Amino acid sequence: MKVAFLSFALAEYSIRLAGALAQEATVLLLVPRSPAAAHLGQLDRAVRLLPFSKPRLRQPLRQIRMIHTILRHIRQFGPDVIHVQIGH
């Protein structure tokens, strides 16, 4: 089973949960680059990490670009399940 795990917040929790999921599935973890950086030492080697830049809400063009990039990577991965931890 392939799981795309998308999280916009709670980087440490998301990294740990993705690691646990990786024991039973192939996992692609998409998290914002800045908050995740401090917790990457806890990332399970089996998890494929794709950090992304998360623009401010008042930057609509960058928001659209971010969404396009995330969707492109999810489509390329071809998951059976898409888990969205926290959206904005």
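In the predicted model, four strands are arranged as an open sheet, in the order β3-β2-β1-β4, with parallel pairing. The edge positions are taken by β3 and β4 (81-84), each of which has a single partner strand, so one side of each lacks a neighbour in the sheet. From one strand to the next, the twist averages 15°. Strands of a sheet pair through backbone hydrogen bonds, in either a parallel or an antiparallel manner. Strand β1 (residues 2-6) and β4 run parallel and are joined by four bridges. Across this pairing, V3 is found opposite V81 in β4.

Helix α3 (residues 60-77) packs on the sheet and touches β1, β2, β3 and β4. The direction of α3 makes about 175° with that of β2. Helix α1 lies across β1 and β2 (26-32), and the angle between α1 and β2 is about 170°.

The chain contains three helices and four strands. Read from the N terminus, the elements follow the order β-α-β-α-β-α-β. The radius of gyration is 12 Å, close to the 12 Å that the globule rule gives for 88 residues, so the chain is as compact as a globular protein of that length. Taken along the principal axes, the box filled by the C-alpha atoms is roughly 40 × 30 × 15 Å. Of the contacts between residues at least 6 apart in sequence, 60% join residues at least 24 apart. Buried residues account for 35% of the 88 residues. The exposed area of the chain is about 5600 Å², of which carbon and sulfur atoms supply 56%.

Two buried positions, one in a strand and one in a helix, were examined for their surroundings. F52 belongs to strand β3 (residues 48-52). With a relative accessible area of 6%, F52 falls under the 20% limit and therefore counts as buried. When residues up to four places away in sequence are not counted, F52 touches L6, S7, F8, L30, V31, P32, R33, M66 and I70. Among these contacts, L6 lies in β1, L30, V31 and P32 lie in β2, and M66 and I70 lie in α3. The C-alpha atoms of F52 and L40 are separated by 14 Å, the two residues being twelve apart along the chain.

S14 is located in helix α1. This serine is buried, with a relative accessible area of 0%. Leaving aside neighbours within four places in sequence, the contacts of S14 are F5, S7, A9, L29, V31 and Q85. Of these, F5 is in β1, while L29 and V31 are in β2. S7 and V31 appear in the contacts of S14 and also in those of F52.

Helix α1 also carries a charged pair. Side chains of opposite charge can pair when their charged atoms come close. The structure holds one salt bridge, in which the side chains of E12 and R16 meet at 3.3 Å, N to O. E12 and R16 are separated by about one helical turn, because they are four residues apart in helix α1 (residues 11-21). The relative accessibility of E12 is 32%, so this residue counts as partly exposed.

Key
Residues are numbered from 1 along each chain as its sequence is written. This is a predicted model: local features need pLDDT of at least 70, side-chain atom pairs count only at pLDDT 80 or more; totals for chains, interfaces and linings use all residues. Side-chain values use heavy atoms; hydrogens and water are left out. Buried means under 20% relative accessible area, exposed over 50%, partly exposed in between (1.4 Å probe, protein chains only). Contact means heavy atoms within 4.5 Å. A salt bridge is a side-chain nitrogen of Lys or Arg within 4 Å of a carboxyl oxygen of Asp or Glu. Two strands pair if DSSP finds at least two bridges between them. Axes are lines fitted to C-alpha atoms, for helices over the stretch in contact, and angles run from 0 to 180 degrees between N-to-C directions. The radius of gyration is taken over C-alpha atoms; the globule rule is 2.2 Å times the number of residues to the power 0.38. Accessible areas come from the Shrake-Rupley method with a 1.4 Å probe; for residues, only the protein chains shown count as cover.
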